[in-house]
Structures are given as structure tokens and as C-alpha cells.
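Me: I'm new to reading protein models, and I'd like to go through this one with you. Could we take it one question at a time?

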Amino acid sequence: MAIQIHKASLEDLESLVPLFDEYRVFYGCQSEPPQVRNFLSERLSNQDSAILLAADNSAEGLGFTQLYPCFSSVAMKPIWILNDLFVAEKARRTGVGKNLLQAAAEYSSQTGNARLELATSKDNLSAKSLYESVGYLLDEEFDHYQLPTD
């Protein structure tokens, strides 16, 4: 399977919306294509995230990753947070996920960022194996906390 990865634009919404909706359903959310379209339109229009889209030769969406900008005060440089990574079920175990991770690393480097960070659940062993296979290191120094505010 030939895989092309490019930075998504508004023209890619037709491919992105069903993938992003599937991603949310995977995490227990309701299917909400109109809200997904609005959310993605805002991200792309405002350029407040970078979405890398993997597609096959027929331009059918196979997967995506979404990166959000942040900053490292210690490094005094920008960083990217790899917040979302999803591969359509039919494209799993074909290299799409690995290619998206490599494209994200290249994009991070090309945009002058200090690093790329991600988090996953402790029991997501297949994802952890994939991340480690492309060079991600487990942070054993810091525990990450979150405070729900809604």
C-alpha cells in the first residue's frame, strides 16, 4: 500500500472528518460529524494545530496525527505536543502509524522545535511498542498530573 502524508488543509476535511469521528468513538465519545467538522475547521483555519494526514493513492484517508504547539521554558524553544494519533482499522499494521510518527518527527525538526512529546495510557502496550520503535523515550523523571476544570 502506497502511503502519502501531507500537512492537512481545509480541502482535506472530507477525508479528516470520518477519521477524527472514528478516533473519538474509539475513546468512548458519541459520533458527532458536524461538531467534528467545526472543530477541525477551526483548528485548520486558525492554524493553531498541525494535522498530518496519511492517504492512499486514491486520496482516501488512512490515518492522522494532530500536533499542538507549546513552549519549553528551560530550552527556550517551541515544542510540539503529539496529542492525537489514529489509524483507520483497515489500515492498521500496514506501517501507517509508524509513517505518521516519522512524518511528525520530520515536521517538528523542520519547524525548529526542540522536541516532540506525547502521552499514552499505561496499558496501551501496542502503542508504547510503536513509539519506542521509532525512538521515543519513556520519561522516568517526571509524573504528569492534570486538573479537570469543567
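Reply: Gladly! Let's begin with a charged pair: Glu-60 and Lys-90 form a salt bridge, with their closest N and O atoms 2.0 Å apart. A salt bridge here is a side-chain nitrogen of Lys or Arg within 4 Å of a carboxyl oxygen of Asp or Glu. Keep in mind that this is a predicted model, where local features need pLDDT of at least 70 and side-chain atom pairs count only at pLDDT 80 or more, while totals for chains, interfaces and linings use all residues. Residues are numbered from 1 along each chain as its sequence is written, and side-chain values use heavy atoms, leaving out hydrogens and water.

Me: Where in the chain do Glu-60 and Lys-90 sit, and how many residues apart are they?

Reply: Glu-60 is in the loop between β2 (50–55) and β3 (61–72), and Lys-90 is in the loop between β4 (77–87) and α3. Helices (H or I, at least four residues) and strands (E, at least two) are DSSP runs, numbered from the N terminus. The pair links distant parts of the chain, 30 residues apart.

Me: Is Glu-60 buried, partly exposed or exposed?

Reply: Buried means under 20% relative accessible area and exposed over 50%, with partly exposed in between (1.4 Å probe, protein chains only). Glu-60 has 36% relative accessibility, so Glu-60 counts as partly exposed.

Me: Which residues are joined into one network by salt bridges that share partners?

Reply: One link is the salt bridge between the side chains of Arg-43 and Glu-42 (3.7 Å, N to O). Arg-43 is buried at 11% relative accessible area, whereas Glu-42 is partly exposed at 43%. The network is made up of Glu-42, Arg-43 and Asp-48.

Me: How far is Asp-21 from the nearest side chain of opposite charge, and which residue is that?

Reply: Asp-21 is in helix α1 (residues 13–26), and it touches residues including Gln-30, Glu-32 and Val-36, where contact means heavy atoms within 4.5 Å. For charge, Lys and Arg count as positive and Asp and Glu as negative, with His and the chain ends not counted. Asp-21 is buried and has no salt bridge; the nearest oppositely charged side chain is 4.6 Å away, and it belongs to Arg-24.

Me: Which residue does Arg-24 form a salt bridge with?

Reply: The structure holds 6 salt bridges, and one of them involves Arg-24, with the closest N and O atoms 3.3 Å apart. The partner is partly exposed, at 24% relative accessibility. That partner is Glu-32.

Me: Which element supplies the largest share of the largest nonpolar core?

Reply: A nonpolar core is a set of buried Ala, Val, Leu, Ile, Met, Phe, Trp, Tyr and Cys residues joined through side-chain atoms within 4.5 Å. The largest one has 20 residues, and Leu-67, Leu-82, Val-96, Leu-100 and Leu-116 touch the most other members. At least two residues come from each of β2, β3, β4, α3 and α4 (125–133). The largest share, 6 residues, comes from α3.

Me: How many residues are in the second, separate core?

Reply: Among its members are Leu-16, Phe-20, Leu-53 and Phe-86. The total for this second core is 15 residues.

Me: How many disulfides does the count come to?

Reply: A disulfide is a pair of cysteine sulfur atoms within 2.5 Å. Cys-29 is partly exposed at 33% relative accessible area, and Cys-70 is partly exposed at 33%. The disulfide count is 0.

Terms used. Lists of a residue's contacts leave out its neighbours within four places in sequence.
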